[in-house]
Amino acid sequence: MNDFSLYLEIGFKHIADWRGIDHILFLAALCLRYQFSDWKKLLILVTAFTIGHSITLAMSVFSFIDVPGDWIEFLIPITIVITAVSNLFVKKFSFSSRFPAIYFFALFFGCIHGLGFSNYLKSLLGNTTAVVPRLLAFNVGLEVGQILIVFAILIISLIAVHLFRCNRREYILYFSGAISALALQMAIERVSFLIH
């Protein structure tokens, strides 16, 4: 297996790993308000997130920035809480704004999540000189994994709202509340590491 396919697989497995559920929760919180018919908006949203985490991932791997891992691990669940809580304010589902605030949140929060990936990736890369193709492959693997997770979230939403006839707003409120509760618990657990 060549380096590109190896790092593509590593990126994919990293994003789809259920033990690192924080990223999956963030994507769920980000996508809950959308349906299949909103695919263009959702594509922009996920791309904004990808751009954010790709920028900080690259900057960290090339040692342009260095943020303590404990702080990043604390901030990641905070981004999930903020994103999930923002869903509670969605009353209408016609997103007419060309660049809604959620796009900028996705870009900014992507930067934070990218720093979370960076420690893992730096430990894999070591002192190798072939950083750029491996970094690209890792990002492509992450993106493929994200797209599959988003697709699964959309299918679950479709089944809940159209097949089981759940009220769409109540569905979003319920799952956003559950996601924010899980993320808040993560943040509380991780803040204890910062205090000690």
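Helices in this tour are DSSP runs of at least four residues, numbered from the N terminus. The model you have open is a predicted one. With that in hand, let's start clicking.

**Stop 1: helix H1**

Select glutamate 9 and lysine 13 and show their side chains. The two meet in a salt bridge, at 2.6 Å from N to O. How far apart are glutamate 9 and lysine 13 along helix H1? They are four residues apart in that helix, so about one helical turn separates them. Colour by accessibility if you like: glutamate 9 comes out as partly exposed, because its relative accessible area is 29%.

**Stop 2: from H1 across to H6**

Stay on the same helix and add aspartate 3, then arginine 134. Their side chains form another salt bridge, this one 2.3 Å from N to O. Here distant parts of the chain are linked: aspartate 3 sits in helix H1 (residues 3-15) and arginine 134 in helix H6, with their positions 131 residues apart. Is each partner buried or exposed? Aspartate 3 counts as partly exposed, because its relative accessibility is 33%. Arginine 134, at 15%, counts as buried.

**Stop 3: a small network**

Next, select arginine 190 and glutamate 73. Arginine 190 pairs with glutamate 73 in a salt bridge whose closest N and O atoms are 3.5 Å apart. This is again a link between distant parts of the chain, with arginine 190 in helix H7 and glutamate 73 in helix H4 (residues 69-87), 117 residues apart. Now add aspartate 22 to the selection: salt bridges with shared partners join Asp22, Glu73 and Arg190 into one network. Glutamate 73 is partly exposed, at 30% relative accessibility. In total, the model has four salt bridges. As a general reminder, side chains of opposite charge can pair when their charged atoms come close.

**Stop 4: histidine 23**

Move to helix H2 (residues 21-31) and pick histidine 23. Histidine 23 is buried, because its relative accessible area is 4%, and the cut-off for buried is under 20%. Which side chains make polar contacts with that of histidine 23? One is histidine 113, at 3.3 Å, and another is glutamine 146, at 3.0 Å. To see the wider surroundings, show Ile15, Phe49, His113, Phe117 and Gln146, which are the residues in contact with histidine 23 once neighbours within four places in sequence are set aside.

**Stop 5: the cysteines**

How many disulfides are there? The count is zero. Select cysteine 31 and you can check this for yourself: the nearest cysteine sulfur belongs to cysteine 111 and is 18 Å away. Seen from cysteine 111, the closest cysteine sulfur is that of cysteine 31, and 18 Å is too far for a bond, because a disulfide needs sulfur atoms within 2.5 Å. As for their surroundings, cysteine 31 is buried, at 0% relative accessibility, whereas cysteine 111 is partly exposed, at 22%.

**Stop 6: a nonpolar patch**

Finish on the outside by turning on the surface and selecting Phe36, Phe151, Ile155, Leu158, Ile159, Leu163 and Phe164. These residues make a nonpolar surface patch of about 650 Å². Zoom in on phenylalanine 164, in the loop between helix H6 (131-163) and helix H7 (168-195). Phenylalanine 164 counts as exposed, because its relative accessibility is 60% and the cut-off for exposed is over 50%.

Key: Residues numbered from 1 in each chain as written. Predicted model: local features only at pLDDT ≥ 70, side-chain atom pairs only at ≥ 80, totals over all residues. Heavy atoms only, no water. Patch = residues over 30% accessible without salt bridge, like charges linked within 9 Å, V, L, I, M, F, W, Y side chains within 5 Å. Areas by Shrake-Rupley, 256 points an atom, 1.4 Å probe, with all protein chains shown as cover. Helix = DSSP H or I, 4+ residues; strand = E, 2+ residues; numbered from the N terminus. Buried < 20%, exposed > 50% of the residue type's maximum accessible area, 1.4 Å probe, protein only. Polar contact = N/O pair within 3.5 Å; in protein donor to acceptor, adjacent residues only side chain to side chain. Contact = heavy atoms within 4.5 Å.
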